[in-house]
Amino acid sequence: MNQDVSLLIIGDEDNPLYAGMGEFLSSYLKWELVSASRMVEQLEKEEHTDIAIVLYRQEAANLEVIQTIKKTSPTTAVVFLHHVQDFQLAREILRAGAIDYLVIPDEKELLSDRIEFLGNMVKVRNKQGGASSSVFSKGRGEVIAFYSGKGGSGTTLISSTFAQTLKLDSTAEVVLIDLNLQYGGVETYLGIEANRSLVDLKPVIHEISDSHIRNVTEKERFSKLEVLLSPRDAEIAEAIDEDYIKRLIRACKRSFDFVILDVPSHIDITSFAAMEEADKIFYCITPDTPSIRIFKSVEELLKRLGIHIDECLEVVVNQAGKEAELTGKDLGRFIQYPIAIEIKKDVKGVLHFINKSEPIRKEAKEKRLPLVAKDIQKWVSSLLK
Ligand SMILES: Nc1ncnc2c1ncn2[C@@H]1O[C@H](COP(=O)(O)OP(=O)(O)OP(=O)(O)O)[C@@H](O)[C@H]1O
Ligand SMILES: [Mg+2]
């Protein structure tokens, strides 16, 4: 029984989110349920509220509720519960001053852990007398790198279609970064012609902000996906080092929900830095023997370099189909990492778009798509659940 931390649940008794909290609340001694209209009165009572849990309510002023809590009691930590993932709303509630957004019942197990963690933080912070909210501001950006040790495995096609799909089929803010500093590549699949590139951030890289980034990104015209293009210049590429890449990725992480990286197949200091920053690495492989051999040596190299691939690497099988030398199952016998998805080969489908300089995806929830895009669409939708 947790006797120390005081909770205030903001919602009504008939809220289904509240109904699902019974077991969780039974482990707390000090908690109370109030409606939004009586919340201020409760917060102004003598005892300090450590954590306020705001339950989503349709047509209610969810953001205002959070802002009012922060105004009335700045040291109270605010957590928001909702039954669905909504990136747009998540961003807004974080901006309003909440420090976490949990989806119930999907993340029910997380709730106890998070509240316990926050309870301890609030206690420590109050003892120190500080009210710095920065301790809590949790970045939500997830960095996803696409990589293959073998050129031509589909890394660029898959990463750019993945980023576009994520942008079109969800409310998430997404940025795609082309780290092929010498040759580029994503501009071909997205039909972007532009001069701006990620090198233009050089003068501000030490104090890089959201608006700096958005001044340099190109917006893909259909999905409005933000893209940081490659300078496509070997000499300029040399001026970009590990520190630059890390700063760039970390800044993007603060401004976007997903940061998608197209990493070149040769491992140098910049591609290594990118993979070090990644929360997830999707290794693209075609189902044939030479690709497996290369995978094995990459695996060893990454491990030697200290990247924890056991925790973050998954395999994307590309150009699967009847003509392939091996099946996904065969690959699974040689490779001990989870297989995230198998993407079919569809040469005609892909060429049709490249020849027209048009991106493969153009609108949300499209039906008539080449097989590659269809497979990626299914995959992304399963990841978003
Ligand atoms: N599933 C697929 N179906 C049909 N064509 C594909 C598929 N995957 C990749 N391709 C084609 O294979 C070629 C290589 O793909 P892509 O440029 O994405 O690979 P890459 O790994 O980024 O290569 P590089 O090493 O040059 O950066 C392209 O012409 C692309 O259109
Ligand atoms: Mg490429």
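**Strands around β11**

I began with the pairing of A145, which I found opposite I281 in β11, and I keep in mind throughout that the model is predicted. Looking at the strands themselves, I noted that β6, residues 142–147, runs parallel to β11 and that four bridges join the pair. I then turned to the pairing of β11 with β12, where the sense is again parallel and five bridges are found; here I285 is opposite V317 in β12. How many of the six residues of β11 are buried? I counted five in the strand, which spans 280–285, so I entered β11 as mostly covered.

**Ligand 1**

Next I looked up the surroundings of ligand 1, and I listed 19 residues around the ligand, with G151, G154, T155, T156 and L157 as the closest. Which elements supply at least two residues each to this shell? I noted α7 (155–169), β12 (313–320) and α16 (347–355), and of the contributions I recorded that of α7 as the greatest, at three residues. Sorting the shell by class, I obtained twelve polar, five nonpolar and two charged residues.

**Helix α4**

I went on to helix α4, residues 62–72, and marked N62, V65, I66 and I69 as buried. Viewed down the helix axis, these buried residues of α4 stay within an arc of 95°, and therefore I describe them as lining one face of the helix. I recalled as background that an α-helix has 3.6 residues a turn, so residues three or four places apart point the same way. On the face of α4 turned away from the buried side I found the exposed residues E64 and K71. When I asked what covers the buried residues, the elements I wrote down included β1 (2–10), α3 (39–44), β3 (51–55), β4 (77–82) and α5 (87–96).

**Helix α5**

Since α5 is among the elements covering the buried residues of α4, I examined α5 in turn and listed its buried residues as A90, I93 and L94. Down the axis of α5 they fall within an arc of 100°, so I note that they, too, line one face of their helix. Q88 and R95 are exposed on the other side of α5. The cover over the buried residues of α5 includes α4, β4 and β5 (100–103). I also checked the residue just after the helix, G97, and recorded a positive phi of about 125°.

**Domains**

I then consulted the domain assignment, which gives domain 1 as 2–133 and domain 2 as 141–384. How far apart are the C-alpha centres of domain 1 and domain 2? I entered 37 Å. For the contact between the two, I noted four residues on the side of domain 1 and six on that of domain 2; the side of domain 1 that touches domain 2 consists, by class, of one nonpolar, two polar and one charged residues.

**F334**

My last entry concerns F334, which I located in helix α15, residues 328–334. Is F334 buried or partly exposed? I counted 13 C-beta neighbours inside 10 Å, and because of that count I class F334 as partly exposed. I also looked at the separation of F334 from R293: the two are 41 residues apart in sequence, and from C-alpha to C-alpha they are 9.7 Å apart in space.

Definitions and conventions: Residues are numbered from 1 along each chain as its sequence is written. Chains are lettered from A and ligands numbered from 1 in the order in which they are written. This is a predicted model: local features need pLDDT of at least 70, side-chain atom pairs count only at pLDDT 80 or more; totals for chains, interfaces and linings use all residues. A residue is near a molecule or strand if its C-beta atom, placed from the backbone, lies within 6 Å of it. Ala, Val, Leu, Ile, Met, Phe, Trp, Tyr, Cys and Pro count as nonpolar, Asp, Glu, Lys and Arg as charged, and the others, Gly among them, as polar. A residue is buried if 20 or more other C-beta atoms lie within 10 Å of its own, exposed if 12 or fewer, and partly exposed in between; C-beta atoms are placed from the backbone. The arc is that of the directions from the helix axis to the C-beta atoms. Two residues are in contact if their C-beta atoms, placed from the backbone, lie within 7 Å. Domain bounds come from an automatic or database domain assignment. Two strands pair if DSSP finds at least two bridges between them.
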